[in-house]
Amino acid sequence: PYTWLYQFPLPIPPVKNVTEETTNPVTGGKIQYFEVNIQPLTQQVYPGKSPAKLVGYDGYSPGPTFYMERGVESVVRFINKSPTASSIHLHGSYSRAPWDGWAEDLIKPNEYKDYYYPNHQAARTLWYHDHAIDHTAENAYFGQAGMYILHDEKEDVLGLPKGPYDVPLVLSAKQYNNDGTLYSPARETTSLYGDIIHVNGQPWPYMKVEPRQYRFRFLNAAISRSFFLYLERDLKPGQNEKLEFNVIASDAGLLSGPQKVKDMYISMAERYEVVVDFSKWKGENVTLRNTRSFAADEDFLHTDKVMKFIIADKRSDDSSGSSDDNSLPGSLRTIPYPPDKAGVDHSFKFERTNGEWKINGVSFADVNNRVLAKPKRGRVEVWELINSSGGWSHPIHIHLVDFKVVKRVDGRGQVMPYEAAGLKDVVWLGPNEKVTVEAYYAPWDGVYMFHCHNLIHEDHEMMAAFNVSMLPN
Ligand code: C2O
Ligand code: CU
């Protein structure tokens with residue numbers, strides 16, 4: 001079979017341009033207005049075969065990357081020029097409920113919707129993706145996903161790699177038909193792991209890098225596959241070496257300090273930012289690998305490989321304003337953790353019953369019962385997430401909030417240091433694991449979703465809602 005292993009360069013999604021900039025008449029602050037077309041595109045993946053037919057944003061998959069400044073609000077008009085309905089969720093944003101991408105709030109073909117985003121959280125890597133009821137898996141897999149990077153000035157003093165040395169890496173895993181078109185997950189009911197690993201839409205790319213530090217922003221945009229990544233120096237067979245790198249940020253932005261690791265779990269929808277120092281390996285190759293059979297995921301011939309870095313002998317002269325030394329500050333920021341709270345406010349079982357995925361026995365289709373929690377606005381709640389579905393993984397995403405991962409019981413048995421050093425909005429529930437998370441249910445009132453981010457599970461009803469409301473007087 002044809003393989004693309006390290007044959008093509010890593011594509012970088014284009015930068016999203018502002019259509020118009022205005023002033024908020026109330027606050028006097030800036031508002032940037034953008035327009036995004038949800039439209040079909042083709043991608044020639046297999047040479048000499050049919051192109052894959054995708055639907056992406058502005059004709060790209062992943063869609064263009066937004067670069068936003070903290071404090072500048074945005075309005076994004078998503079215009080649906082595709083044949084199916086969409087809903088857009090800005091994952092990682094505390095958007096007000098009407099603009100959070102509620103699964104039933106659909107933009108039908110030939111309609112548009114304007115989404116408002118406050119962009120007032122600390123700097124972080126967010127992503128925008130489809131959230132249409134029962135069709136999220138297909139829509140995200142066929143291309144409706146992109147990055148949205150929020151920057152703030154506090155980051156600048158840290159001297160982290162920037163400009164061309166700050167690189168988005170959107171991971172996905174897909175499967176193709178014999179004619180070269182993309183195999184659809186539409187009829188799957190459990191998972192589609194995919195045998196072809198993509199980075200920024202390209203199967204197994206390579207990237208030429210300089211011998212210096214890079215900041216890589218990882219997003220796992222696969223619909224069912226988790227990764228357990230490591231970097232390997234290409235020595236002779238049998239002599240390979242796992243390299244050290246630093247995790248500096250997760251879902252809700254920078255960690256308290258860099259976490260030195262040799263491998264890193266990243267489940268669906270999680271974001272981890274890492275700094276890799278290539279200066280030690282001038283003129284060598286380093287491969288980004290995935291560990292085989294570490295979870296319930298199905299592996300194929302090349303699913304242990306992700307991409308290759310080809311390191312030049314020397315740095316280019318262009319310093320792009322980046323710091324020249326290859327050190328990292330020991331502390332990055334103070335994390336706004338919620339205060340410790342005893343007890344458990346809600347306990348949720350993620351389970352499989354009669355071939356359906358449910359949360360505490362409820363499916364999202366059960367409209368009268370799907371609100372499973374009613375936190376008071378501004379209060380801290382402790383939620384216990386229990387995987388009682390046997391051998392399956394469930395990355396659990398809670399909209400609106402940033403949570404602290406308090407405890408992992410069974411499974412891995414420990415909260416990873418890079419999970420504990422920051423706040424998260426997705427936590428991976430491995431087979432038979434129980435994870436406790438704690439968050440402020442704030443800043444807004446409203447009904448929000450929480451669900452499994454194996455999008456096939458989400459579409460098959462492993463989703464529920466919580467209703468944040470004001471305290472009574
Ligand atoms: Cu990334 Cu409810 O989604
Ligand atoms: Cu799941």
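Reader: Hi! How many residues of domain 1 are in contact with domain 3 here?

Author: Happy to help! In this predicted model, 25 residues of domain 1 are in contact with 23 residues of domain 3. In domain 1, H91, Y94 and W102 lose the most area to domain 3, and together they account for 28% of what that side buries.

Reader: Nice. Where do those domains run in the chain?

Author: The assignment puts domain 1 at 20-152 and domain 3 at 346-468, with domain 2 at 163-311. The centres of domain 1 and domain 3, taken over C-alpha atoms, are 24 Å apart.

Reader: And what area is buried between domain 1 and domain 3?

Author: About 1800 Å², with carbon and sulfur atoms giving 58% of that.

Reader: Ok, charges next. How many salt bridges cross that interface?

Author: The rule finds two between domain 1 and domain 3. There are also 18 residue pairs in polar contact between these domains.

Reader: Which elements of domain 1 give two or more residues to that side?

Author: Those are β6 (88-91), β8 (124-130) and α1 (136-141). Of these, α1 gives the most, with four residues.

Reader: Switching topic: which residues touch the most other members in the largest nonpolar core?

Author: F216, F218 and F309 do, in a core of 61 residues.

Reader: What does F216 touch, leaving out its sequence neighbours up to four places away?

Author: Its list is V167, L169, M207, Y272, E273, V274, V276, F278 and F309. There is also a second, separate core of 31 residues, which includes Y94, F348, F403 and A464.

Reader: Y94 again, then!

Author: Yes, Y94 belongs to that second core and is also one of the domain 1 residues that lose the most area to domain 3.

Notes
Residues numbered from 1 in each chain as written. Chains lettered and ligands numbered in written order. Predicted model: local features only at pLDDT ≥ 70, side-chain atom pairs only at ≥ 80, totals over all residues. Heavy atoms only, no water. Core = buried A, V, L, I, M, F, W, Y, C linked by side-chain atoms within 4.5 Å. Buried < 20%, exposed > 50% of the residue type's maximum accessible area, 1.4 Å probe, protein only. Contact = heavy atoms within 4.5 Å. Domains from an automatic or database assignment. Buried area = accessible area lost by both parts, 1.4 Å probe. Salt bridge = Lys/Arg side-chain N within 4 Å of Asp/Glu carboxyl O. Polar contact = N/O pair within 3.5 Å; in protein donor to acceptor, adjacent residues only side chain to side chain.
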